[in-house]
Amino acid sequence: MNYLPEPTRVVRLPDGTHVYADQMPATFESGPQVIHQHIHQAPPDRTVQRIALGSGVGAGAVAAGVYFGPLLIAALTAIAANFAFLAFLALILGWGVHTVVKSIGGSHGEAAVKNVGKAAKLARRRR
């Protein structure tokens with residue numbers, strides 16, 4: 001004995017709403033159904049993984065490439081950001097030392113700044 005009610009069919013109307021088949025309006029005429037297709041961005045390119053699978057490399061190696069590839073890129077980006085920050089910090093500190101030496105060093109400071117300037121020009125000429 002089946003105590004469950006008969007399943008009711010769900011119909012999608014042309015305006016996109018859903019109704020039960022037994023509750024459809026009497027004036028409903030079935031015309032051509034409009035299909036709304038949503039186009040999404042393509043997934044990331046997995047060319048390396050496809051080549052690896054084609055050459056007989058196991059699924060573990062492909063999974064490692066899928067996992068560790070972006071991880072490696074993230075690590076290299078973080079390292080590059082650290083180097084950029086350290087270079088910026090060195091530039092600021094160098095400018096600060098230069099300014100302090102020039103302002104409070106007196107004649108010795110001015111001579112030191114001139115010597116550093118001459119050394120920089122000489123280094124540029126040698127390149």
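Here are legends for four views of a predicted model.

**View 1. The whole protein, from end to end.** Start with the big picture: this predicted model has three helices and two strands. Walk along the chain from the N terminus and you meet the elements in the order β-β-α-α-α. The protein has 127 residues, and 6% of them count as buried. Its accessible surface adds up to about 11600 Å², and carbon and sulfur atoms account for 65% of that area.

**View 2. A nonpolar patch on the surface.** Which residues form the nonpolar patch here? They are L72, L76, I79, F83, F85, L86, L89 and L93, and together they offer about 830 Å² of accessible area. Take F85 as one member to look at up close: you'll find F85 in helix α2, which covers residues 59-104. Is F85 buried or exposed? Its relative accessibility is 53%, and exposed means over 50%, so F85 counts as exposed.

**View 3. An aromatic pair, Y67 and F68.** Search the whole structure for aromatic pairs and you get one. In that pair, the ring centres of Y67 and F68 sit 4.9 Å apart. The ring planes meet at 85 degrees, and over 60 counts as edge-to-face, so that is the label for Y67 and F68. How much of each residue is accessible? Y67 has a relative accessible area of 54%, which makes Y67 exposed. F68 comes in at 48%, so F68 is partly exposed.

**View 4. A positive patch on the surface.** Now for some charge: K114, K118, K121, R124 and R125 make up a positive surface patch. Where does K121 sit? Look in helix α3, the stretch from residue 106 to residue 126.

How values were computed: Residues numbered from 1 in each chain as written. Predicted model: local features only at pLDDT ≥ 70, side-chain atom pairs only at ≥ 80, totals over all residues. Heavy atoms only, no water. Patch = residues over 30% accessible without salt bridge, like charges linked within 9 Å, V, L, I, M, F, W, Y side chains within 5 Å. Areas by Shrake-Rupley, 256 points an atom, 1.4 Å probe, with all protein chains shown as cover. Salt bridge = Lys/Arg side-chain N within 4 Å of Asp/Glu carboxyl O. Helix = DSSP H or I, 4+ residues; strand = E, 2+ residues; numbered from the N terminus. Buried < 20%, exposed > 50% of the residue type's maximum accessible area, 1.4 Å probe, protein only. Lys, Arg positive; Asp, Glu negative; His and termini not counted. Charge placed at Lys NZ, Arg CZ, Asp CG, Glu CD. Phe/Tyr/Trp six-rings, centres within 6.5 Å; stacked < 30°, edge-to-face > 60°.
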